[in-house]
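Trainee: Could you help me see how the words used for a structure follow from its values? I would like to ask about them one by one.

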Amino acid sequence: MPRLSTWLVRASLICLVAGALLGAALLSSPAVPALRGLERLVAAHVELMLVGWLMQLAMGVAYWILPRAGGKRPAGGLAAAGAAGVAAGLAAAVAGTVTHAPALVTAGRGLEAVGAALFGLHVVIRLERWRRLAAERLS
Amino acid sequence: MPRVSRVFVRTALACLLAGLAVGVLAAWPGGPAAGVPGLEPVRVHLLVVGWLTGLVAGVAHWLFPRRRDGAAPWAVYALLYAGLVLRVAGEPVWLASGSDAWARVLAASAVLQAAALVIFAGILWPRAGA
C-alpha cells in the first residue's frame with residue numbers, strides 16, 4: 001500500500017474512533033447527567049464521521065487501488081495536496097463547531113472542497129492516462 | 001471472500017433496505033409510522049453505520065493486506081449490529097416515553113457501537129501500513 005494511502009486510512013481510523021466516542025457520549029447523555037449539554041457537538045460528530053472517516057478512507061483506498069497506466073501512479077503531488085487540504089479543512093471545521101466560530105467552519109468546509117477537488121483532479125488525470133494507454137494497446 | 005466479509009456485506013445490504021424503508025415511512029404523511037418520533041436519526045444511522053460502515057468493515061477485511069485477526073472481526077460484527085439494533089428499537093421508544101430504562105438501553109447501544117469501532121480501528125491500523 002503506498003504511503004499516502006497508509007496516512008489517509010490511518011487518519012480516517014483516528015476520525016472514526018473520535019467520531020464514534022463523541023457519538024457514544026451524545027447517545028448516552030439522556031442516561032448520564034454528566035454528559036448533558038453536548039448537543040452542540042452533533043455537527044462535529046457528523047463532520048468527523050462523513051469527512052474524516054468515510055471521505056478520507058475512500059481517498060486512501062482510491063489512491064491505492066485505482067488503475068495505474070503502465071503500472072505507475074502519476075506524481076503524487078496533487079493527491080497529497082488534496083489530502084492535506086481535506087485534513088486541514090476538517091480540523092478547522094471541527095474546531096469551528098466546537099468553539100462556535102461559524103467563519104472557521106465555513107473556511108474549513110471550503111478547504112475540504114478544494115482538497116477534494118485537487119484529489120479528484122488526480123483521479124481524472126490518472127484514469128485518462130490509463131484509458132489512453134489501454135486504447136493504444138488495443139489499436 | 002472470507003465468511004465474515006460475506007456476512008458483513010449481506011447485513012449491510014439489509015440495513016440499506018431497512019434505512020430506505022424507514023426513510024419512506026418518515027416522509028409519509030398519515031402513513032403507518034406517522035407520529036413516531038426519532039425516525040430521522042434511525043434512518044441516518046441505519047444508512048451510515050449499518051450500510052456504509054458495515055460494508056466498509058466487510059470489504060476492508062477482505063481487501064486489506066492479510067494478518068491473523070482471530071475472532072476480532074466477528075466481535076466487531078456482533079457489537080456493531082447489536083448496538084445498532086438497540087438504537088433502532090430504543091430511540092423512538094425513548095423519545096416517545098422519556099423513560100430512564102430506555103435511556104439506559106440507548107447508552108448500552110452507544111457503548112456497544114463505540115467498542116466495535118475501536119476494535120475495528122485496532123484491526124485495520126497495522127494492515128493499513130503493510
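Mentor: Happily; what follows is a set of questions and answers about this predicted model.

Trainee: Let me start with chain A. Why are helix 1 and helix 2 of chain A called roughly antiparallel?

Mentor: Look at the angle. Helix 1 (residues 3–28) and helix 2 (residues 42–65) of chain A pack at about 155°, and their axes are 8 Å apart. Angles over 145 degrees count as roughly antiparallel, and therefore these two helices of chain A get that label. Helix 1 of chain A also passes helix 2 of chain A in a left-handed crossing. As for the residues of this contact, 18 are nonpolar and 8 are polar, with no charged ones.

Trainee: How do you know that the length of helix 3 of chain A agrees with its number of residues?

Mentor: Helix 3 of chain A has 22 residues, and at 1.5 Å a residue the expected span is 32 Å. The expected span uses one less than the number of residues. The end C-alpha atoms of helix 3 of chain A are 31 Å apart, which agrees with that expectation.

Trainee: What comes just after helix 3 of chain A?

Mentor: There you meet A:H100, with a positive phi of about 55°. A:H100 sits in the loop between helix 3 (77–98) and helix 4 (102–138) of chain A.

Trainee: What makes that phi worth pointing out?

Mentor: Most residues other than glycine have a negative phi. A:H100 is a residue other than glycine, yet its phi is positive, near 55°.

Trainee: Is A:H100 buried or exposed?

Mentor: Count its neighbours. A:H100 has 9 C-beta neighbours inside 10 Å. A residue with 12 or fewer is exposed, so A:H100 counts as exposed.

Trainee: And A:E112, is that buried or exposed?

Mentor: A:E112 lies in helix 4 of chain A. It has 22 C-beta neighbours inside 10 Å. The cut-off for buried is 20 or more, so A:E112 counts as buried.

Trainee: Which residues does A:E112 touch, leaving out those up to four places away in sequence?

Mentor: A:E112 touches A:V51, A:V86, A:G89, A:L90 and A:A93. Take A:G89 from that list: A:E112 and A:G89 are 23 residues apart along the chain, but their C-alpha atoms are separated by 4.7 Å.

Trainee: How many residues of chain A are in contact with chain B?

Mentor: On chain A, 19 residues are in contact with 22 residues of chain B. Helix 1 and helix 2 of chain A each supply at least two residues of the side that touches chain B. The largest share, 12 residues, comes from helix 1 of chain A. That side of chain A has 15 nonpolar, 3 polar and 1 charged residues.

Trainee: Let us move to chain B. How many helices and strands does chain B have?

Mentor: Chain B has 4 helices and 0 strands, so to speak a run of α-α-α-α from the N terminus on. Of the 130 residues in chain B, 38% are buried.

Trainee: Why are helix 1 and helix 3 of chain B called roughly parallel?

Mentor: The axes of helix 1 (residues 3–26) and helix 3 of chain B cross at roughly 20° and come within 10 Å. Angles under 35 degrees count as roughly parallel, and that makes helix 1 of chain B roughly parallel to helix 3 of chain B. Helix 1 of chain B brings B:V4, B:V7, B:F8 and B:T11 to this contact, while helix 3 of chain B brings B:P73, B:W74, B:Y77 and B:Y81. By class the contact has 7 nonpolar, 1 polar and no charged residues.

Trainee: What makes helix 3 and helix 4 of chain B roughly antiparallel?

Mentor: Helix 3 (residues 72–97) and helix 4 (residues 100–128) of chain B have axes that cross at roughly 155° and come within 7 Å. The limit is over 145 degrees, so helix 3 of chain B is roughly antiparallel to helix 4 of chain B. Their contact has 22 nonpolar, 5 polar and 2 charged residues.

Trainee: One last residue: why is B:R3 called exposed?

Mentor: B:R3, in helix 1 of chain B, has 9 other C-beta atoms within 10 Å. With 12 or fewer as the cut-off, B:R3 is exposed.

Technical notes
Residues are numbered from 1 along each chain as its sequence is written. Chains are lettered from A and ligands numbered from 1 in the order in which they are written. This is a predicted model: local features need pLDDT of at least 70, side-chain atom pairs count only at pLDDT 80 or more; totals for chains, interfaces and linings use all residues. Axes are lines fitted to C-alpha atoms, for helices over the stretch in contact, and angles run from 0 to 180 degrees between N-to-C directions. Angles under 35 degrees count as roughly parallel, over 145 as roughly antiparallel, 65 to 115 as roughly perpendicular and the rest as oblique. A crossing is left-handed if the near helix is turned anticlockwise from the far one by less than a right angle, and right-handed if clockwise. Ala, Val, Leu, Ile, Met, Phe, Trp, Tyr, Cys and Pro count as nonpolar, Asp, Glu, Lys and Arg as charged, and the others, Gly among them, as polar. Two residues are in contact if their C-beta atoms, placed from the backbone, lie within 7 Å.
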